[in-house]
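Okay everyone, let's get going. I'll walk you through one model today, starting with the fold and ending on a small piece of surface.

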Amino acid sequence: MAEAPVSDAHAVAGEPGVAAETHAGTEVHHAEPLLLGIAPPVAVVSASMIVLILIALWKGVPKLVTSGLDAKIADIRSQLEQAKALRAEAEALRKEYANKIASAEKDVASMLDHARHEAEAIVAKAEADTTDVIARREKMAQDKIGAAERSAVADLRTKAARAAADAAQGLIRGNYTAQADRALVDQSIGAL
């Protein structure tokens, strides 16, 4: 293929600002737009970015950013340390409460055991006391019955003695007269 004629002094291959297009064997050259007729926009944007970066470096923006990041990192580290401390404290509390629960369960078991022993002792004492009370009441009842029997026997004896004395008095009055009494008195005197 034949070389295309150069229509512009700037239209050399590889030179910036010149674009070449090929369509079916013809080459059309378009010139890139220039900012204020001096430089292409890409160069202006690149230059302004370089200036912006240089100003940021000169003003210490990276130091500010790194110090801000360092402060954030330090804050996050302190929060992590606090979280670790809180977790350790929570673990200690959990262990403490687990120990307290275990201790409380042991205390409850010992209290129940003690209460069972006390209840058994109370029941045994109540049974013994009941047996003693029953025995005492039986003895008291027997004593009362015995006393009532003795009283009844004594009353009967007293009544029998009175009845005998009354009967004897009646017999003596009926069988002895004053003369019989004199004879007895005389005999008694004579015997002396």
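When I say helix or strand here, I mean a DSSP run, at least four residues for a helix and at least two for a strand, numbered from the N terminus. With that in hand, reading along the sequence gives you β-β-α-α-α, so that's two strands and three helices. Keep in mind that this is a predicted model.

So how much should we trust it? The mean pLDDT is 80, and 81% of the residues get to 70 or more. Confidence is highest in helix α2, residues 61-175, at a mean of 89, and lowest in strand β1, residues 18-23, at 48. Over residues 1-21 pLDDT stays under 50, although the model does have 21 contacts there beyond four places in sequence. Where pLDDT is low, please don't read the predicted coordinates in detail.

Next, burial. Buried residues are just 2% of the 192 in the protein. The accessible surface is about 16,700 Å², and carbon and sulfur atoms account for 64% of that.

Now to helix α1, residues 41-59. At 1.5 Å a residue, its 19 residues should span 27 Å, and the end C-alpha atoms are 27 Å apart, so the two agree. Just after α1 comes G60, with a positive phi of about 85 degrees.

Last thing, that piece of surface. I50, I53, L54 and L57 make a nonpolar patch of about 400 Å². I53 sits in helix α1. Is I53 buried, partly exposed or exposed? Its relative accessible area is 47%, so I53 counts as partly exposed.

How values were computed
Residues are numbered from 1 along each chain as its sequence is written. This is a predicted model: local features need pLDDT of at least 70, side-chain atom pairs count only at pLDDT 80 or more; totals for chains, interfaces and linings use all residues. Side-chain values use heavy atoms; hydrogens and water are left out. Buried means under 20% relative accessible area, exposed over 50%, partly exposed in between (1.4 Å probe, protein chains only). Accessible areas come from the Shrake-Rupley method with a 1.4 Å probe; for residues, only the protein chains shown count as cover. pLDDT is the predictor's confidence in each residue, from 0 to 100. Contact means heavy atoms within 4.5 Å. The expected span of a helix is 1.5 Å times one less than its number of residues. Patches are made of residues with over 30% relative accessible area and no salt bridge: like charges are joined within 9 Å, nonpolar side chains (Val, Leu, Ile, Met, Phe, Trp, Tyr) within 5 Å. A salt bridge is a side-chain nitrogen of Lys or Arg within 4 Å of a carboxyl oxygen of Asp or Glu.
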